[in-house]
Amino acid sequence: MTAIKHALQRDIFTPNDERLLSIVNVCKAGKKKRNCFLCATVTTERPVQVNVVKVKKSDKGDFYKRQTAWALRDLAVVDAKDAVKENPEFDLHFDKVYKWVASSTVEKNTFISCIWKLNQRYLRKKIDFINVSSQLLEESVPSGENQSVAGGDEEAVDEYQELNAREEQDIEIMMEGCEYAISNAEAFAEKLSRELQVLDGANIQSIMASEKQVNILMKLLDEALKEVDQIELKLSSYEEMLQSVKEQMDQISESNHLIHLSNTNNVKLLSEIEFLVNHMDLAKGHIKALQEGDLTSSRGIEACTNAADALLQCMNVALRPGHDMLHAVKQQQQRFSDLREQFARRLASHLNSVFVQQGHDQSSTLAQHSVELTLPNHHPFHRDLLRYAKLMEWLKNTDYGKYEGLTKNYMDYLSRLYEREIKDFFEVAKIKMTGTTREGKKFATLPRKESAVKQETESLHGSSGKLTGSTSSLNKLSVQSSGNRRSQSSSLLDMGNMSASDLDVADRTKFDKIFEQVLSELEPLCLAEQDFISKFFKLQQHQSTSGTTTEVEEMDGVALSRSYTSGVPQTISSEKDMIRQMMTKIFRCIEPELNNLIALGDKIDSFNSLYMLVKMSHHVWTAQNVDPASFLSTTLGNVLVTVKRNFDKCISNQMKQMEEVKISKKSKVGILPFVAEFEEFAALAESIFKNAERRGDLDKAYIKLIRAVFISVEKVANESQKTPRDVVMMENFHHIFATLSRLKISCLEAEKKEAKQKYTDHLQSYVIYSLGQPLEKLNHFFEGVEARVAQGIREEEVSYQLAFNKQELRKVIKEYPGKEVKKGLDNLYKKVDKHLCEEENLLQVVWHSMQDEFIRQYKHFEGLIARCYPGSGITMEFTIQDILDYCSSIAQSH
């Protein structure tokens, strides 16, 4: 440790003008890391700075580097952990607690002892040494003022110290006067001794001379004391003379104070009276306006508003302490309360009558909207009521009970008015949706009365079985021949030259326009009413509240719950929640009516759920951009959930019907209906969901549907008896691949590749299976040849085998003249034609593949003849060109 201490002193502390007094080898408590050293150091320059330095061995070599330094004055606590038992752990509390573990208890005690000594000598501050042995601290206490750092640090103190500049200068002057000192040390020492004796004598004489001066100074001090006594006697006499003057001046000062106090009180009294008169006096014009003001004209409403504001200012004036005990103030406050009560009652009565009158005028205009798909405009009603907005704010601040009563009355009356309007509006929408059937019948315009509207609507869609709207073709899945399907679809044409698909498109387009118009009419109606409520009832529409979404979803009731403390209403929910509650009460019929309309549209045509999902998603997105927690956004969001469920139900029903499909045992399968109808669904969905917000829902539905189509195609192919499995798979997966290629649906790229692969595989499988071995005996002959070669017989020696000589080969070849080959191919063409359907038009593709496969077999036979019977001149009785001609003529003849 001594070697390390000297090395650290030399390499780290000496360059920084520091002396190393104590060192301890430590590591951090609780961590397995390399050891480091804590060093206690002092600076060699004054004022002395005491530091605790952390030194660590460098990672790049064997030298040490200074890592962290703390000033000892920043040390608050030294915790040795245990004062009795030996424990190497200790804590140092600087800016934070540093926990250390020393390599030995001796080193720890030595280091703590050094810290104690340095604190006692240089700092004299309060450092708490806890869990430290008292014996260790007692041994470390310094015995005198000039005692240096004791114990193990004496060696460090006694070490050589450099001379300062003054000492160095004095020694140089002395040595210049004694040049022989270097050569004759004894003579130099004697000279220094003589000079020291001279200095001692001079000191003694100086002390004796100073004693005389002290005696003189003492005499002077005695004389000064006598003079002070004389001055004190004179001052005492002066004080007695001034005592009478002081008493007279005190009497004058007391009199002036009483006068000043009286004036101050008069000024304060005048100020209090002026304050009460200025702030608690209501003008006669304001009183008259509050009692008799006209609440029907704009000028009268303005006068009443100004008077109400003035009354509120008078009532809310901050009285000074003691004012409320004055009888006049109490009388004035009572008068203000009576005026407020009287005007609040008159205002509430008038506004209630305005609600009734305006609502009656509004209901008289319902007749002109009942046959049109529009909602009445409430803007004039809102405009007239907004004149009273400031008075409503006054009523809210002064009499919350009447304000809340008006709020409830407004909700009750308006909810009935809106319910009539919205129900009539939705009845018209339902009539327009079902007004034209597939047979082209148009329903008569309904009368305006609500009962007649209901009766007519019930007759249109009273039961699900009698609904005459267009139905999705996906609900009629059944496997049938293409000819049968064509005959059935043609029977649906009842209107001129229009096809069934044209009718579907027309009906769906009509439904889409009606549904969009319904949402477009509802949206401004709700936004206008919400804006009016916030302005008229003075509610903050955009106040930020925490947990807004959760509160909206959990809000079942619409009661405005309040609690009162000292007459001031405390809202349980925020004003924003109050707006939503009022909107929910007023428009409570919108969500059920929308759900009924959605159910009707889904019953008319399950494909309508696609239109509704896109339109509803767009309107929800628009509403959320305006205010994500508004009534409109919440209601449309709830309805969107229903629409999404209908959409999922539509997809599930299609998948279920695919699973329950039945195939005909007497006719060939062809293109399966659900494959063709997936094409119809995808084409329709792509046109509807173009640039839609809910594209992700459609992509998920695509994945489910296409997988169900794949599974159902394989199921039908496995169950087919009339049509080979490979033909069913080939034709339908070719159709699916063509559909996906045409529509370019990005999420179905993998399925498109899979469909193409299945089509290719089953095409090849069908060709190989159907073609088989058209030259059967020749095939058997050459299979025997290949077997001999496989057994080890050389190819050119196969002709020497008795069963496979040249004569046997010629005999087999003669059995397959060109006429027989053409006849076999013609029969094969007829067989393929019976298997394939006309819709997909794959006959020529299959025939061309069979032609290629036959030519491949022919080339294989020619190669075996050339290798096994070289120079024999044996050839087939027909050529490749003959095969091409046979296939071409057969295809043309059919």
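## Two helices that cross

In this predicted model, helix H24 (residues 749-771) packs against helix H27 (residues 818-835) at an angle of about 135°, and their axes lie 11 Å apart. That angle makes H24 oblique to H27. If you follow one helix past the other, you will find that the crossing of H24 with H27 is right-handed.

Which residues of H24 meet H27? On the H24 side they are Tyr766, Ser770 and Leu771, and on the H27 side they are Leu828, Lys831, Val832 and His835. By character, the residues of this contact between H24 and H27 divide into four nonpolar, two polar and one charged.

Helix H24 also holds Lys758. Is this lysine buried or exposed? With a relative accessible area of 19%, Lys758 is buried, because the cut-off for that word is under 20%. Setting aside its neighbours within four places in sequence, Lys758 is in contact with Glu714 and Phe733.

Just ahead of this helix comes a loop worth a look. Lys744 has its place there, between helix H23 (725-743) and H24. Its backbone has a positive phi of about 55°, although Lys744 is not a glycine. Lys744 is exposed, at a relative accessible area of 67%.

## An open sheet of eight strands

Now turn to the sheet. Eight strands make up an open sheet, and the order across it is E4-E3-E2-E1-E7-E6-E5-E8, with mixed pairing. Strand E4 (64-71) and strand E8 (128-130) stand at the edges; each has a single partner strand, so one side of each is left without a neighbour in the sheet. From one strand to the next, the twist averages 30°.

Strand E1 (residues 18-28) pairs with strand E2 (residues 36-43) in the antiparallel sense, over eight bridges. Two places let you follow this pairing in the model: Val24 has Leu38 of E2 as its bridge partner, and Leu20 stands opposite Thr41 in E2. E1 also runs antiparallel to E7, to which three bridges join it. There, Val26 stands opposite Ala102 in E7.

How much of E1 is covered? Mostly, it is: nine of its 11 residues are buried. As background for viewing any such strand, side chains in a regular strand alternate between the two faces of the sheet.

Further along the sheet, E5 and E6 run antiparallel and are joined by three bridges. Val78 stands opposite Leu92 of E6. Leu92 also faces a residue of E7, standing opposite Tyr98. Between E6 and E7 there are five bridges, and these two strands run antiparallel as well. A hairpin through three residues joins E6 to E7.

The bridge counts for these strand pairs can be read side by side:

| Strand pair | Sense | Bridges |
|---|---|---|
| E1 and E2 | antiparallel | eight bridges |
| E1 and E7 | antiparallel | three bridges |
| E5 and E6 | antiparallel | three bridges |
| E6 and E7 | antiparallel | five bridges |

## Helices on the sheet

The strand pairing between E1 and E2 runs over eight bridges, and two helices pack on this same sheet. Helix H1 (residues 2-13) packs on the sheet and touches E1, E2, strand E3 (50-57) and E4, its direction making about 115° with that of E1. Helix H2 (residues 105-123) packs on the sheet too, touching E1, E2, E3, strand E5 (77-79), strand E6 (89-93), strand E7 (97-102) and E8; the direction of H2 makes about 140° with that of E1.

The loop between H1 and E1 contains Asp17. Like Lys744 above, which has a positive phi of about 55°, Asp17 has a positive phi, here of about 60°, although it is not a glycine. Asp17 counts as partly exposed, at 38% relative accessibility.

## A tryptophan in H19

One last stop is Trp621, whose place is in helix H19 (residues 608-626). Trp621 is partly exposed, with a relative accessible area of 43%. What separates its C-alpha atom from that of Ser633? The C-alpha atoms of Trp621 and Ser633 are 8.2 Å apart, while the two residues are 12 residues apart along the chain.

Definitions and conventions. Residues are numbered from 1 along each chain as its sequence is written. This is a predicted model: local features need pLDDT of at least 70, side-chain atom pairs count only at pLDDT 80 or more; totals for chains, interfaces and linings use all residues. Side-chain values use heavy atoms; hydrogens and water are left out. Two strands pair if DSSP finds at least two bridges between them. Helices (H or I, at least four residues) and strands (E, at least two) are DSSP runs, numbered from the N terminus. Axes are lines fitted to C-alpha atoms, for helices over the stretch in contact, and angles run from 0 to 180 degrees between N-to-C directions. Contact means heavy atoms within 4.5 Å. Buried means under 20% relative accessible area, exposed over 50%, partly exposed in between (1.4 Å probe, protein chains only). Angles under 35 degrees count as roughly parallel, over 145 as roughly antiparallel, 65 to 115 as roughly perpendicular and the rest as oblique. A crossing is left-handed if the near helix is turned anticlockwise from the far one by less than a right angle, and right-handed if clockwise. Ala, Val, Leu, Ile, Met, Phe, Trp, Tyr, Cys and Pro count as nonpolar, Asp, Glu, Lys and Arg as charged, and the others, Gly among them, as polar.
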